Amino acid sequence: MSTMDVPAEGVPAEAGARRAIPATHWISWIALAMMTTSSVASLRAAPTMAVYGLACVFLYVVPAIVFLLPTSLVSAELASGWKGGVYNWVSEGISKPMGFLAVWCQFAMTIFYYPSLLGFVASTLAYVINPELASSGVWTASVIVVVYWTGVWVSSRGTAGVAGLASAGLVIGTLIPGAVLVILGMVFLGQGNESAAPMDSSHLLPAWAGLSSLVLIVNNFLSYSGMEMNAVHVGSLKNPAKEFPRAMFLAMGLVLVIFILPALAIAWIVPADELSLTAGVMQAFDAVFANFGAQWLTPIFGIMLVAASLGGMLTWLAGPSKGLLMISRQEGYLPPFLQKLNKHGAPQNILVTQGIVTTFIALGYALIPDVSSAYWMFSVITTQVYLIVYLLMFIAAVRLRRNQPDHERGYRAPMLVGLCGVGFAASLAALLIGFVPPAQFGGGSPGTYFLVVGGGALGLGLLVPFLFYKLRKPSWKQPETEEVSA
């Protein structure tokens, strides 16, 4: 993107020093809201919240206020003042080792994210082939391994057009199925059928059964994560101070609609005690299509959902690993073996190593009898690791505002310290609550749950990067000119 040294007309005085952007490169705040919505919204979490029925509204709105909003506004200020993403933000605000921890956690969370994402793909494919396979751990593990390694092969060859597939996936695999599910769900109720979940005002709040009854809310933090990546576009707005908050509020509204309405539709159709956390979306489609005598549509919608998930997986597969690779080559955080690129410029050794770990994690689906329990534990580990990134980001934002108050920023978040305080407290609470087994899985061993979640989150999120940092050598730094190696 070319730039000029003259401030753009219409940019507030606060950003007067901000380099202007050619008119053809400006984006509207509505366009930014759509981009944000497409990167955050998904139907995958709908079955998880449908278990709560009408209370899912509360469980989506609260994280939006205490996590989504602070994350969006704080990351916008950081992105408008410091390039380089979360690594540079945390490095400038705290220290380089903490910056490495942040970028590591951003990468490491994908190790558990892919098994949970592909667990959803496996159960969805089961409805296309044989619905009984949806509860089979062996089937789920096999699909995860085969699809993931296929994705590694595709990503390592630098295949073009993957991003376009992911963008089309929003419409094909999220908006269209979501709209159909909600519309048919309304028709289902309009025909006089009784909702499977109570929809009266007494069920607006989740039933209190101790701390474990709130655990499912943790998954919603991951549903909203990734907003810091969209903040990099704040510099492309003509008036960031006014337009970015508008974009975020519109995106938040759209995301809430996409999350809440399909979850409610599933709650209308599928009883909570029959709901699978991985196959719940397909259960709802199958039930509603059966009601209208159109079950032949179930496999078609299953393929649409799978296409969206696979597009998203391919887009994310090499992204975080490349970010980790760039920092590691500059600072020598990873051994040379993990820093090598193939002839296509892809970090193939990181992808393969990640794939080996992912394969072992996938075996959890075969070893844990209840596929929903495995899916939930891996989802929580993903969230726990990613929450470490946000804890560091909020601390860095406060320190940068205090230590570098005159540093040029295209956007300044209102009440930054308060926003960071709310976001930090919410993230820390979610991280701690995640170690408590949810009430819905009371039949399992709390000790096993704690060991799996705690070992996965703390081991991968803290212990592994600590060992890399302590064992690093000066020879691990790679010349910046060495971009590609055979």
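Start by selecting helix H5 (residues 96–129) and helix H11 (residues 280–291) in this predicted model. Their axes come within 9 Å of each other and cross at roughly 25°. H5 and H11 are therefore roughly parallel, since an angle under 35 degrees counts as such. The crossing is right-handed. To see where H5 and H11 touch, show the side chains of Phe-120, Thr-124 and Tyr-127 on H5, and of Val-281, Met-282, Gln-283 and Asp-286 on H11. Sorted by class, this contact holds 4 nonpolar, 2 polar and 1 charged residues.

**A second partner of H5**

Keep H5 selected and add helix H17, which covers residues 446–471. What angle do H5 and H17 make where they cross? The angle is roughly 135°, and the axes come within 9 Å. That makes H5 oblique to H17, because an angle has to be over 145 degrees to count as roughly antiparallel. The crossing of H5 and H17 is right-handed. On the H5 side, select Pro-97, Phe-100, Leu-101, Trp-104, Cys-105, Ala-108, Ile-111 and Phe-112. On the H17 side, select Gly-456, Leu-460, Gly-461, Leu-462, Val-464, Pro-465, Phe-468 and Tyr-469. This contact of H5 with H17 has 14 nonpolar and 2 polar residues, and no charged ones.

**Gln-354, beside H5**

Next, select Gln-354, which lies in helix H14 (residues 348–367). Is Gln-354 buried or exposed? With a relative accessibility of 2%, Gln-354 counts as buried. Leaving out residues up to four places away in sequence, Gln-354 touches Phe-107, Thr-110, Ile-111, Tyr-114, Tyr-148 and Leu-317. One of these, Ile-111, also belongs to the contact of H5 with H17.

**Trp-149 on H6**

Move to Trp-149 in helix H6, residues 137–156. At a relative accessible area of 30%, Trp-149 is partly exposed. Beyond its neighbours within four places in sequence, Trp-149 is in contact with Val-352, Gly-355, Ile-356 and Thr-359. Draw a distance from the C-alpha of Trp-149 to that of Thr-359: these residues are 210 apart in sequence but 8.9 Å apart in space.

**H3 against H10**

Now select helix H3 (residues 56–81) and helix H10 (residues 240–269). Their axes are 10 Å apart and the helices pack at an angle of about 155°. That makes H3 roughly antiparallel to H10, because the angle is over 145 degrees. The crossing of H3 and H10 is right-handed.

Show the residues that make the contact, helix by helix:

- From H3: Cys-56, Val-57, Tyr-60, Val-61, Ala-64, Leu-68, Leu-69, Ser-72, Leu-73 and Ala-76.
- From H10: Phe-244, Pro-245, Met-248, Phe-249, Met-252, Leu-256, Phe-259, Ile-260, Ala-263 and Leu-264.

By class, the contact of H3 with H10 divides into 19 nonpolar residues, 1 polar residue and no charged ones.

**Two cysteines**

Pick out Cys-56 again, one of the H3 residues in the contact just shown. Cys-56 counts as buried, at 0% relative accessibility. Then select Cys-420, which is also buried, with a relative accessible area of 2%. How many disulfides does the structure hold? A search of the whole structure finds 0.

**Met-415 and Leu-416**

Select Met-415, in the loop between helix H15 (371–403) and H16. Met-415 is exposed, at 70% relative accessibility. Check its backbone: phi is positive, about 50°, although Met-415 is not a glycine. Most residues other than glycine have a negative phi.

Step along to Leu-416, in helix H16 (residues 416–433). In contrast to Met-415, which is exposed, Leu-416 is buried, at 3% relative accessibility. Setting aside residues up to four places away in sequence, Leu-416 touches Val-74, Glu-77, Ala-397, Val-398 and Arg-401. Leu-416 and Arg-401 are 15 residues apart in sequence, and their C-alpha atoms are 8.3 Å apart.

**The whole chain**

Finally, clear the selection and view the full protein chain, which has 17 helices and 0 strands. Of its 486 residues, 55% are buried. Among contacts with a separation of 6 or more, 80% are between residues 24 or more positions apart. The pair of Trp-149 and Thr-359, 210 residues apart in sequence, is in contact.

Conventions:
Residues numbered from 1 in each chain as written. Heavy atoms only, no water. Axes fitted to C-alpha atoms, helices over the stretch in contact; angles between N-to-C directions. Helix = DSSP H or I, 4+ residues; strand = E, 2+ residues; numbered from the N terminus. Parallel < 35°, antiparallel > 145°, perpendicular 65-115°, else oblique. Left-handed = near helix turned anticlockwise from the far one by under 90°. Contact = heavy atoms within 4.5 Å. Nonpolar A, V, L, I, M, F, W, Y, C, P; charged D, E, K, R; others polar. Disulfide = S-S within 2.5 Å. Buried < 20%, exposed > 50% of the residue type's maximum accessible area, 1.4 Å probe, protein only.
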